[in-house]
Structures are given as C-alpha cells and as structure tokens.
Amino acid sequence: MTIEQMIERKRELGYTNQKLSELSGVPVPTIQKILSNKTKSPREDTIKALSDVLENKHSHNFNYIKNNTNYELREEAAFKAKSQIFKNNNYKNKDINDYLALPEGTRIELIDGKFYEMAAPTTPHQDIAGSIYAEFYIHIKTNKGACKTYISPIDVQLDRDDKTMVQPDVIIVCNKDNITKPRIVGAPDLVVEVLSPSNSMMDMVIKLHKYNKAGVREYWIVSPEEKKTLVYRLEKSIEDMKFYDFDEEVPVGIWDGKCKVKIGEFYEEI
C-alpha cells in the first residue's frame, strides 16, 4: 500500500494511531512520522506490518477462526505472528529471571523466551472476567469442590521451564500441587481469555498453541465485540471447538457441564 492508501484506509476503518499501533506492533511515533511523510524511506517490514492490518490480512475477530479451521495453518500463523508483533531485539532471549526483574506493575508476558507487552484491560473486559470468576468461585464453594479459581494478575509458569510465564484472565486449577505461593506452576485445567483489539491475535493463535501444547484441558475465548464465546475442549482435540452466543449457557466441560455460565446475563449490566 502507498502512504496515501494507508491514510485513506485508516480513515475508513476509524483507527486512531494508538489502535493501529496496538494491532500492528509499530510504535505510535513511527506511525505518525510515516503517515505525515516525515519519514522518507520507512523500513519495508514496518510498512508490511501496517499494510497487513489495514488490508485485514490478519483478522482480529472470530472470522479468523471460522475461515481457518485447519489447525496446522493456525499453528504456522502463530509462529509468524510472534515475529510480527514485536521486532524489538530487547524483547528476545529472555527468561524468568528477566521477567521477575521487571518493575512492579509492568504488563508483560514471557512466551518461549520473548517478552510480549499487554495493554491495560478496559472496564468491560474487567467486568466480564470478574463475573466469570465469580461464577466459578460460587460453584466451587457451593459444591465444596477441590479446584480453585484465580483472576489476573496471576503468574502461570505454563511449561514448568524458565522461558514462559503468562497471565491469563481467569483460570481454574484442580491439581493443588500446581499451586505455589508465588505462582501457578504447570498448566491450569481451564483458561479464560477476554479479547480486546490489542490482544486478539495473541489469544486466538499464539496462546491457543501454547495452552494446547502445555496440557490445558479447556480454553474459553470471550469476544465482547461479537458477543460470543469460543470454547476449545483441548483434552479431546484441538479441533473440538464450539461457539456460544452471549444469551446461551456455556457449560464448563471439565466439570461435566454441572456449572453453566450465561455471559449475557451480566454483560447487559455493563
């Protein structure tokens, strides 16, 4: 795309420079310089990252999943997305010691030795995550269950190694041996991630790949924008997935459907 085409497409989509930065991984100051023609010879990879977003080559909603049902293709996309989201060399070759040395409050996840920035959650994001957590907590307490549920921020040392530390929005852990005072060590039984424009590729592709490989039994991806929840029964198959509208009850598979969450009931209050 030419710069003029980028400017026009950005206007059509209603994107701010901040949103374009979140979706492409290109810093806001760089975008400002490119679109104002202050940068006469922008880097080719930077132009490609911006063009991919503006041309919708990487869908940031559930249409990406619906149109890419082949898991092997999505697995390949996960590795491509990793290299596209952050190109800063300062984010590579990291381990848990680097992660733990970050200033308190820094929103970073460590995946396969790379740092990935996390945007601050919106209020609807927090309302949905908090309400799902509450439903899980009430079910566990009412039934005197052995599992425990946690809400972000909580560190999860997903692969039990020093190269990955993630912070899912909501988790359920049924193996008490995985619960330590500093963090969860190993795969949770169930993970919930609530989508936002800046994290959709991470949650729908990269984290799906990681959670499946690590042994997470069930994975929920909640889209406030589309008012749908995508549920993966990973303990059965990566291909075992189902979409639920917000006005439908979503059964918790790891509890044989004895707990059901109707996200629409509390979403209407947001």
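User: Why is the disulfide of Cys 147 and Cys 174 called right-handed or left-handed?

Analyst: In this predicted model, where local features need pLDDT of at least 70, side-chain atom pairs count only at pLDDT 80 or more, and totals for chains, interfaces and linings use all residues, the torsion about the S-S bond of Cys 147 and Cys 174 is about 95°, so the disulfide is right-handed. Residues are numbered from 1 along each chain as its sequence is written, and side-chain values use heavy atoms, leaving out hydrogens and water.

User: What makes Cys 147 and Cys 174 a disulfide?

Analyst: A disulfide is a pair of cysteine sulfur atoms within 2.5 Å. The sulfur atoms of Cys 147 and Cys 174 are 2.0 Å apart, so the pair meets the rule. By this rule the count comes to one disulfide. Cys 147 lies in the loop between helix 8 (123-142) and strand 3 (148-151), and Cys 174, 27 residues apart from it, in the loop between strand 5 and strand 6 (184-185). Helices (H or I, at least four residues) and strands (E, at least two) are DSSP runs, numbered from the N terminus.

User: Why is Cys 174 called buried, partly exposed or exposed?

Analyst: Buried means under 20% relative accessible area, exposed over 50%, and partly exposed in between, with a 1.4 Å probe and protein chains only. Cys 174 has 24% relative accessibility, and therefore counts as partly exposed. Cys 147, by contrast, has a relative accessible area of 11% and is therefore buried. Cys 259 is buried as well, because its relative accessible area is 5%.

User: How do you know whether helix 4 is mostly covered or mostly exposed?

Analyst: Helix 4 (residues 44-54) is mostly covered, as eight of its 11 residues are buried. Among them are Ile 47, Leu 50 and Leu 54.

User: Which residues make the contact of helix 1 with helix 4?

Analyst: Contact means heavy atoms within 4.5 Å. Ile 3, Met 6, Arg 9, Lys 10 and Leu 13 of helix 1 meet Ile 47, Leu 50, Ser 51 and Leu 54 of helix 4.

User: What belongs to the largest nonpolar core?

Analyst: A nonpolar core is a set of buried Ala, Val, Leu, Ile, Met, Phe, Trp, Tyr and Cys residues joined through side-chain atoms within 4.5 Å. The largest has 28 residues, of which Ile 171, Tyr 211, Tyr 219, Ile 221 and Leu 234 touch the most other members. Helix 9 gives the most to this core, with seven residues. A second, separate core of 24 residues includes Ile 128, Phe 136, Ile 140 and Val 231.
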